[in-house]
Amino acid sequence: AGSFMFTYFLQLYKQNEESIAPSRLRKIFWCYIVLPLLLIYFAIFFAYGLKILITGTWPKGIIVRLGISYFVFGLISYYLTYAEEDRIYKVLHQIIFASFLFIALMMSGAIGLRISQYGITFNRYFICAMILVMISFSIFALIRPKQRFFFFGTIVFGVAFLSFYGPLNANQTSFLSQKQRIIHLVEENGLSLPLQEKSLTSLTWKVVQDIRGAIGGLEDFRYEKWGDFLLTGFETEIS
């Protein structure tokens with residue numbers, strides 16, 4: 001829906017270009033204040049990336065939220081300055097889209113670590129979808145600058161459609177990931193499925209917490225979909 005709304009807005013803009021006339025106030029605010037702030041934001045990301053390379057530590061989860069905020073902030077800044085004709089702005093726009101690739105790679109490292117530890121959930125699936133949008137859109141935007149808005153709407157629509165209705169949609173992928181994680185934890189600790197009451201009494205507290213957390217990852221799905229293969233007389237114990 002958002003993609004169609006954005007495309008409709010662009011069509012209106014093309015028909016009424018005179019409605020967005022040059023404004024000195026807008027130029028002062030967006031070109032001289034907001035755009036430099038965006039570049040400072042990226043400089044902080046770049047310094048953090050260098051720290052990761054030097055120390056060899058993985059980026060933390062907060063980088064995902066900061067990266068998405070940067071992407072949205074960057075798109076808004078680009079939209080409100082793309083009409084500027086000076087060459088310096090064209091160079092800055094190229095830097096912005098190149099920075100999206102850098103940020104997306106850092107986000108990929110952070111979310112990849114979480115997935116390797118706890119599997120795929122709805123939230124992590126859509127973060128991966130956002131990273132895919134950032135990478136594919138940035139590449140096309142750098143290659144074909146005059147069609148950036150078209151690529152953005154098309155890519156967002158395509159990724160959203162596949163995320164909800166594709167063969168590897170969010171529901172199917174996250175369920176299979178969490179199911180496989182539980183099976184792996186159970187087999188690793190010498191248990192069999194379905195779990196019986198008191199099945200976890202002989203395990204350490206950390207292992208119990210891991211299994212309980214993995215089972216909690218299935219709570220977004222209907223109980224009939226996973227209860228039979230996993231639990232027998234065990235509902236009260238995990239509640």
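Among contacts between residues at least 6 apart in sequence, 75% link residues at least 24 apart. This is the picture given by a predicted model, in which the chain holds 10 helices and 0 strands. Read along the sequence, the pattern is accordingly α-α-α-α-α-α-α-α-α-α. Of the 239 residues, 38% count as buried. The chain exposes about 14,500 Å², and carbon and sulfur atoms supply 65% of that area.

The interior is a good place to continue. In soluble globular proteins, nonpolar side chains tend to be buried together. Here the largest nonpolar core has 35 residues, and the members touching the most other members are Tyr70, Phe71, Leu75, Phe97, Phe100, Ile103 and Phe137. Helices α2, α3 (62–79), α4, α5 (122–143) and α6 (148–165) each supply at least two residues of this core. The most comes from α4, which gives 11 residues. Another core, of 15 residues, lies apart from this one and includes Val186, Ala214, Ile215 and Leu218. Within the largest core, Tyr70 shows how separate stretches of the chain meet: leaving out residues up to four places away in sequence, Tyr70 touches Leu38, Tyr41, Phe42, Phe45, Ser99, Phe100 and Ile103.

Helix α4 itself spans residues 87–118. Its 32 residues reach 47 Å from the first C-alpha to the last, close to the 46 Å expected at 1.5 Å a residue. After α4 comes Gly119, with a positive phi near 80 degrees.

Helix α5 has 22 residues and likewise reaches a length close to expectation, with 32 Å from first to last C-alpha against an expected 32 Å. Its buried residues are Arg124, Tyr125, Ile127, Ala129, Ile131, Val133, Met134, Ser136, Phe137, Ser138 and Ala141. These buried residues pack against α3, α4, α6 and α7 (170–188). Ser138, a member of α5, makes a handy close-up. Ser138 counts as buried because its relative accessible area, 0%, falls under the 20% cut-off. Beyond residues up to four places away in sequence, Ser138 touches Phe97, Phe100, Leu101 and Val133.

Tyr125 of α5 also takes part in a contact with a loop residue. Leu168, in the loop between α6 and α7, is in contact with Tyr125 and Thr173 once neighbours within four places in sequence are left aside. Even with these contacts, Leu168 has a relative accessibility of 64%, and it is classed as exposed because this value is over 50%.

Helix α2 (residues 24–55) contains Ile40, and Leu39 is found in α2 as well. Leu39 is partly exposed because its relative accessible area, 27%, lies between the limits of 20% for buried and 50% for exposed. Leu39 and Ile95 are separated by 56 residues in sequence, yet their C-alpha atoms are 8.9 Å apart in space. Ile40, in turn, belongs to a nonpolar patch on the surface, together with Ile28, Phe29, Tyr32, Ile33, Leu37 and Ile44. The accessible area of this patch comes to about 690 Å² in total. A reminder about helix geometry is useful when viewing these positions: an α-helix has 3.6 residues a turn, so residues three or four places apart point the same way.

Definitions and conventions: Residues numbered from 1 in each chain as written. Predicted model: local features only at pLDDT ≥ 70, side-chain atom pairs only at ≥ 80, totals over all residues. Heavy atoms only, no water. Patch = residues over 30% accessible without salt bridge, like charges linked within 9 Å, V, L, I, M, F, W, Y side chains within 5 Å. Areas by Shrake-Rupley, 256 points an atom, 1.4 Å probe, with all protein chains shown as cover. Salt bridge = Lys/Arg side-chain N within 4 Å of Asp/Glu carboxyl O. Helix = DSSP H or I, 4+ residues; strand = E, 2+ residues; numbered from the N terminus. Buried < 20%, exposed > 50% of the residue type's maximum accessible area, 1.4 Å probe, protein only. Expected span 1.5 Å × (residues − 1). Core = buried A, V, L, I, M, F, W, Y, C linked by side-chain atoms within 4.5 Å. Contact = heavy atoms within 4.5 Å.
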